[in-house]
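Student: I am new to this structure, and I would like to look at its aromatic rings. Could you walk me through them?

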Amino acid sequence: MPKFPRIGKLFVGFAGGVCCTLSYKQQPEQQHKRVDWWSYVPTRAFSRAFGAVADTQVPPFMRSHLYGAWLSAFNGNSSEAEKDLQEYDTLGNFFFRKLKQGVRSVDKNSDLVSPADCRVLSLGTATGETVLQVKGLPYNLNSFIGCNNIQPLEEGHKLFHIVLYLGPGDYHRFHSPADWSAELLNHFHGEMLPVNTAVANITPNLFVRNERDVLCGQWKHGAMAFGAVSAYN
């Protein structure tokens, strides 16, 4: 995933297997009219501007105040950071800070764990060619993943999906959710629409429209895909 600071990020994971012979049914045009105005908001320009600011050196006397205010505004926790706030010379380095050793415990006996600090927006079973973004708003699985190596489901298997949201105050590194083999990386250029709950609830095909990286591969139960969706929140 390119290291450009965004003010939000979303992860969409799929585990199991699914047939790739999918056809895409466009959402009715009237549904898109509710959110057409987002296309006129220059979120990509805002993101580039934030990236430039994030690479600017922060004077030492301002660091604790700036980063402390950021964490307070977005419910972050400075005590979990690997370094003292004074040691992060740019907002970008602070944004991608590491955590102290032992702050997050990982269940080594579990086949699947959370890849990041996040909130679950949705989870469930994928049916046919579509996955629910939120209730009542499906998107096309094949359009989102773009992988050709997703195998058909074995008998007795199902395809599960989960959508995880990272807020601006969250630890913004992410890790492997399972012992798996990533075989393909697809990058999709797209928009930078916000992915918070309020926008996801009214924006058809939001995850397919946004810029994203998707890893495809295999784990012990079949196919797996892991997508990181860029956004401006």
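Tutor: Happily! Let us begin with Phe95 and Phe96, which are both buried. Keep in mind that this is a predicted model.

Student: How many aromatic pairs does the structure hold?

Tutor: Two rings pair if their centres lie within 6.5 Å. Counted that way, the number of aromatic pairs in the structure is eight.

Student: How are the rings of Phe95 and Phe96 arranged?

Tutor: Their centres are 5.5 Å apart. Planes over 60 degrees apart count as edge-to-face. The planes of Phe95 and Phe96 stand at 90°, so this pair is edge-to-face.

Student: Which residues form one aromatic cluster?

Tutor: Phe95 and Phe96 belong to it, together with two further names. The full cluster is Trp70, Phe74, Phe95 and Phe96.

Student: And how far apart in sequence are the parts that Tyr139 and Phe207 tie together?

Tutor: The ring centres of Tyr139 and Phe207 are 5.4 Å apart and their planes are at 75°, so they too make an edge-to-face pair. Tyr139 lies in strand 4 (residues 137-140), while Phe207 lies in helix 7 (residues 206-209). The pair therefore ties together parts whose separation in sequence is 68 residues.

Student: Is Phe207 buried or exposed?

Tutor: Buried means under 20% relative accessible area. Its partner Tyr139 has 2% and is buried. Phe207 has 1% relative accessibility, so Phe207 counts as buried.

Student: Which ring does the charged end of Arg212 sit over?

Tutor: The charged end of Arg97 sits over Phe94, 4.5 Å from the ring centre. For Arg212, the distance to the ring centre is 4.1 Å, and the ring is that of Phe188.

Terms used:
Residues numbered from 1 in each chain as written. Predicted model: local features only at pLDDT ≥ 70, side-chain atom pairs only at ≥ 80, totals over all residues. Heavy atoms only, no water. Phe/Tyr/Trp six-rings, centres within 6.5 Å; stacked < 30°, edge-to-face > 60°. Buried < 20%, exposed > 50% of the residue type's maximum accessible area, 1.4 Å probe, protein only. Helix = DSSP H or I, 4+ residues; strand = E, 2+ residues; numbered from the N terminus. Lys NZ or Arg CZ within 6 Å of the ring centre and 35° of its normal.
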